[in-house]
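Hi,

Here's the structure I promised to send over. Have a look at it first, and my notes on what turned up are underneath.

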Amino acid sequence: MAATTTSRGSWGSSFGFILAAAGSAIGLGNIWGFPYKASQSGGAAFVALYLICVLIVGIPVMFAELSIGRSTQKSPVSAFRALAPRSAWWLVGAQGVLSGFCILAFYSVIAGWTLGYLYMAITGRFTAGVSLEQSEAMFDGLRGNPAVVVLWTGGFFVLSILVVRGGVHGGIERASRVLMPVFFFLLVGLAVRATTLEGGAAGVHFLFNVDFSKVTADVVLDALSQAFFSMSLGMGAMITYGSYLARRENLPRAGLTVGLSDTAIALLSGLMIFPALFAAGATPTEGPGLVFVVLPTIFDAMPAGVAFAVAFYALLVIAALTSSISLLEVITAFFVDELRWGRERAVWLFGGVCFALAVPCALWSGFMDLLIMIFFDYALLVGGLFICLFVGWRWKPAGAIAEMRAEGRSFPGLSGWGLLIRFFCPVVIAIIIANQLWSALKPAGQ
Ligand code: TRP
């Protein structure tokens, strides 16, 4: 375990980086968010739009973030300062740290629910045949019990802090090396189980049968913000993870692998959830409660249902953990790099402060919805827009391309990437933000 080349820490290998970055990207956004968004926005039409957003905006922005991080070997605020001294660009990094803070606050509450559900699954609460009404009552019972939710949320914070305090190589990478393979086997097992259930084929059909009549401007915005959130873009998580990547690694190839694995896992979790729903005769209209309300009703009908229930909620916990450590790492790296704090002190203190912000989220769903709206719907896209403008117009694509080609590495299409990041991506992101603001601000009824 001696691969630390700088005092900041670094990944042991390119595979270690890929697992950790994929761990960041693959999270509740994939297993909880993606199926529920798809179910509300026309199934396959949303999936198709999502894929387009990933390919033409998400992957290019991923390359941009990783290049900024690796070329400076710094966390976001210092990275912008290093590439654009005496300018206000560091504010983009600062916005990222703030977003990380607020995203982690609401993310940990949902992660706390997953811990609560794992506990209920282990203690056999889903064996006796749960009706939809009972399941709804269970979900409301959990969310409506502040002490319990705060406790699970706090427990989740402690787990994340314990990983991040171990450092980049000995904490994050080591945890990802164990958790990601476990996650993958659980997911494949559950997807195979669901698609082979009687009636499961209807779920596959729902996921892949495109109905473009459902596509509205809102669906496009949803697909793009979902892509940003799911790929952990727009707030400097990938700048931070890129900053621990060695020069000799092929950066675009690693970035592409991370982006495509994230998408593949989102699709695979759709293949787990929709067939399971259709097989149980439920319709996918549940909204955010999908995996918490509908799924408990179907485990009982499955052979070895308890084992699958435990496996499913363990899957959610792992997905949430490898993602929240990346959010916590952005905050920690900021204090370690900028203020020269020790990692241990930074992670406990700011993990604690962030927990203090999670408490009101756990208590008032209105506050949580507000944070989700600001940081999920807007902040990541705004951050992504500025990252494109920075790389396209200030640093210039040539600088980033030189970084991606460091040490003789090659990757096809990088000049095309330069055009995307300079013109296409910022225009698309700006149009989508403007459209969203317009529909949010226009008087009701128009
Ligand atoms: N990508 C994670 C998910 O899909 C969430 C996440 C982790 C994230 N780090 C992030 C989102 C940074 C935005 C930015 O659940």
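**Cavities and the ligand**

Let me start with the second largest cavity: by class, its lining has 10 nonpolar residues, 1 charged residue and no polar ones. Keep in mind that this is a predicted model. The space in that cavity comes to about 80 Å³, and Arg193 is among the lining residues, along with Leu190, Met272, Phe299 and Phe312. Helices H8 (168-195), H12 (251-279) and H14 (296-299) each give two or more residues to this lining.

In total, the structure has 3 cavities of 30 Å³ or more. The largest holds about 170 Å³ of space. It is lined by 17 residues, and those closest to its centre are Ser24, Ile103, Phe229, Ser232 and Leu327. Its lining breaks down into 10 nonpolar, 7 polar and no charged residues.

So where is the ligand? It sits in the largest cavity. There are 16 residues around the ligand, with Ala25, Gly29, Tyr107, Phe229 and Ser326 the closest. That shell is split into 8 nonpolar and 8 polar residues, with no charged ones.

For the polar contacts, a ligand oxygen is 2.8 Å from a polar backbone atom of Gly29. One ligand nitrogen lies 2.8 Å from a backbone N or O atom of Phe229, and a ligand nitrogen is 3.0 Å from a side-chain N or O atom of Ser326. The protein covers 100% of the 360 Å² of accessible area that the ligand has on its own.

Cheers

Conventions
Residues numbered from 1 in each chain as written. Predicted model: local features only at pLDDT ≥ 70, side-chain atom pairs only at ≥ 80, totals over all residues. Heavy atoms only, no water. Near = heavy atom within 4 Å. Polar contact = N/O pair within 3.5 Å; in protein donor to acceptor, adjacent residues only side chain to side chain. Areas by Shrake-Rupley, 256 points an atom, 1.4 Å probe, with all protein chains shown as cover. 1 Å grid on protein atoms, 1.4 Å probe; cavity = no way out; pocket = protein on both sides within 12 Å on 5 of 7 lines; lining within 4 Å. Sits in = over half its atoms within 2 Å of the grid points. Nonpolar A, V, L, I, M, F, W, Y, C, P; charged D, E, K, R; others polar. Points joined across faces, edges and corners; volume = space filled by probe spheres on them. Helix = DSSP H or I, 4+ residues; strand = E, 2+ residues; numbered from the N terminus.
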